[in-house]
Amino acid sequence: MKKRLRKYKIRYKRVFFAAAILFAGISFLYLLFHPVLLKASTIEVEINSEFKPEDQILFVLGDDKEVKIDGEVDTSKLGEYTINYKLHQYQKEVKIKVQDTKAPSITTKNLKTDMIQDIEPASFIEKCEDATEVTYHFANQEDFTKPGRYEVPIIATDQGKNETRTSAILERCEDIKAPTIEHSDKKIEFKQGLLPDFLEDVSIKDDFDENPSLDTDTSQVNFDQPGDYTLIYIGRDRSGNETQKTRSLTILKNEELNQKIVYLTFDDGPSKNTERILKILDQYDVKATFFVTGNQPSYNDWLKVAHEKGHTIGLHTFTHDFASVYSSTDAYYDDLRKIQDMVKDITNEEVKLVRFPGGSSNTISKQYFPKIMTILTKSLQDKGYQYFDWNCDSGDASGNNIPADTLIQNATACQSQYINILMHDTAAKDTTVEALPKIIEHYKSEGYVFKAIEIDSFAPHHGVNN
Ligand SMILES: [Zn+2]
């Protein structure tokens, strides 16, 4: 019995020993042919998690620095990616599946609507958190055509097809309340022939309709006759509820109504030419407007003379440096205040006539501050300023010493009732001064009068392009 047991033990040991050698041999052979041992041949990775291809290597027979890894995994996008591991002649591919296994986390909100509003599943979603795009649908075929309270089951599905089920309350009501109309206390008062925007300071609100209509009824106003009138604002929501609000307006007599007027304007001065320009204006007994800068204060005394002679001084820009003036709205108003202060020192008046550097239609400001002209054209007027572009261009901005004949041709080609002519008052533009007499003579012969710009004068506005 004892002998037998010993024999068995010996045999067992031998078998074990042989098996171990066999296993080691097979493993070695396997490694010889597969020198890069990887964790798995297909790997699943959750979207947006970190993935490093080198972490997949379990063992390398040889120098693991020599393993070349090819391929990329974008863990921010669902999909299947392939990574190639190469060591000398050996190569092995691993498939990486980036997947989304977590259902969206959804917060809903309840809705109260009129009978008209389209009800979309997404309207009930207050907040949604998920790694991929989520779509929503109603769990049941819903019919919201009757007033009442509905409990609405909603299913949110992400791109990994994970679903979250939730629900919200919809209250469908008949809208029987009309919208409300509000406007500022500003008195509507304008000169005959100059139509203001009646809707400028008017707002309308409705309890259900986000975009109620707002119209103006001026059938009781005789625009040809100065006097006090009433206009009616009419607001309507989409359910057909209507409201009206009346507002009084005054049309003032307009002496200029049937006049043909030229507004001569000179930008960028004062300069050594201001004196010459003033002399010509005196000779023809006409008035003009100077949109000035702060760049040549040594000539500011001529602005004082211009003001005393009844010409008006407008605000162009203190520095005329587009890059700084249009770098922000604050920068614009900073520059405007500086030129306003300078003009106040000269004229003793808080001038609110503005000409934008480059005009309101300039596109150059876009490179410094997108949409700045859209903001400034509105905010300037809200602050009580008016900006004056031009509707007649002498062309003297296109270069220096453009022949006077060319300038005359450009500046006399305009034909509207009110003409605002753009010219420049700078040292380099002598031909503008030379052209001026002929330009004045032309319009005088056409029956135009020449006026300096006032705050309520005709204000041509270019379209804003930024
Ligand atoms: Zn200018």
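User: Which residues in α2 meet α8?
Analyst: First, a heads-up: this is a predicted model, where local features need pLDDT of at least 70, side-chain atom pairs count only at pLDDT 80 or more, and totals for chains, interfaces and linings use all residues. Residues are numbered from 1 along each chain as its sequence is written, and side-chain values use heavy atoms, with hydrogens and water left out. Helices (H or I, at least four residues) and strands (E, at least two) are DSSP runs, numbered from the N terminus. Counting heavy atoms within 4.5 Å as contact, the α8 side offers Asp430, Val433, Leu436, Pro437, Ile440, Glu441 and Lys444, and these meet α2 at Arg276, Ile277, Ile280, Leu281 and Tyr284.

User: How many nonpolar residues does the contact of α2 with α8 have?
Analyst: Ala, Val, Leu, Ile, Met, Phe, Trp, Tyr, Cys and Pro count as nonpolar, Asp, Glu, Lys and Arg as charged, and the others, Gly among them, as polar. This contact has four charged residues and no polar ones, and its nonpolar residues number eight.

User: Is the crossing of α2 and α8 left-handed or right-handed?
Analyst: Axes are lines fitted to C-alpha atoms, for helices over the stretch in contact, and angles run from 0 to 180 degrees between N-to-C directions. Here the axes come within 10 Å and cross at roughly 15°, so α2 and α8 are roughly parallel (under 35 degrees; over 145 is roughly antiparallel, 65 to 115 roughly perpendicular, the rest oblique). A crossing is left-handed if the near helix is turned anticlockwise from the far one by less than a right angle, and right-handed if clockwise. The crossing of α2 with α8 is right-handed.

User: And which residues of α3 make the contact with α2?
Analyst: Helix α2 (residues 274-284) and helix α3 (residues 300-308) pack at about 15° with their axes 10 Å apart, and their crossing is left-handed. In this contact α2 uses Thr274, Glu275 and Leu278, while α3 uses Trp302, Val305 and Ala306.

User: Which residues coordinate the zinc ion?
Analyst: Donors are N, O and S atoms within 2.8 Å of the metal (3.2 Å for Na, K and Ca), and water is not among the atoms, so sites may look incomplete. The donor residues follow the spacing D-x47-H-x3-H. At 2.1 to 2.2 Å, the ion is held by Asp268 (OD), His316 (NE2) and His320 (NE2).

User: Is histidine 316 buried or exposed?
Analyst: Buried means under 20% relative accessible area, exposed over 50%, and partly exposed in between (1.4 Å probe, protein chains only). Histidine 320 is partly exposed because its relative accessibility is 23%. Histidine 316 comes out at 3%, so it counts as buried.

User: Where does phenylalanine 318 lie?
Analyst: Phenylalanine 318 has a relative accessible area of 26%, so it is partly exposed. Beyond neighbours within four places in sequence, its contacts include Thr293, Asp335 and Met342. Phenylalanine 318 sits in the loop between β21 (312-317) and α4 (322-325).

User: What is the peptide bond from glycine 269 to proline 270, cis or trans?
Analyst: Most peptide bonds are trans. Proline 270 is in the loop between β19 (261-267) and α2. With omega near 0°, the bond from glycine 269 to proline 270 is cis.

User: What is phi of asparagine 401?
Analyst: Asparagine 401 is in the loop between β24 (392-393) and α7 (404-411), and it is exposed because its relative accessible area is 51%. Its phi is positive although the residue is not a glycine, with a value near 55°.
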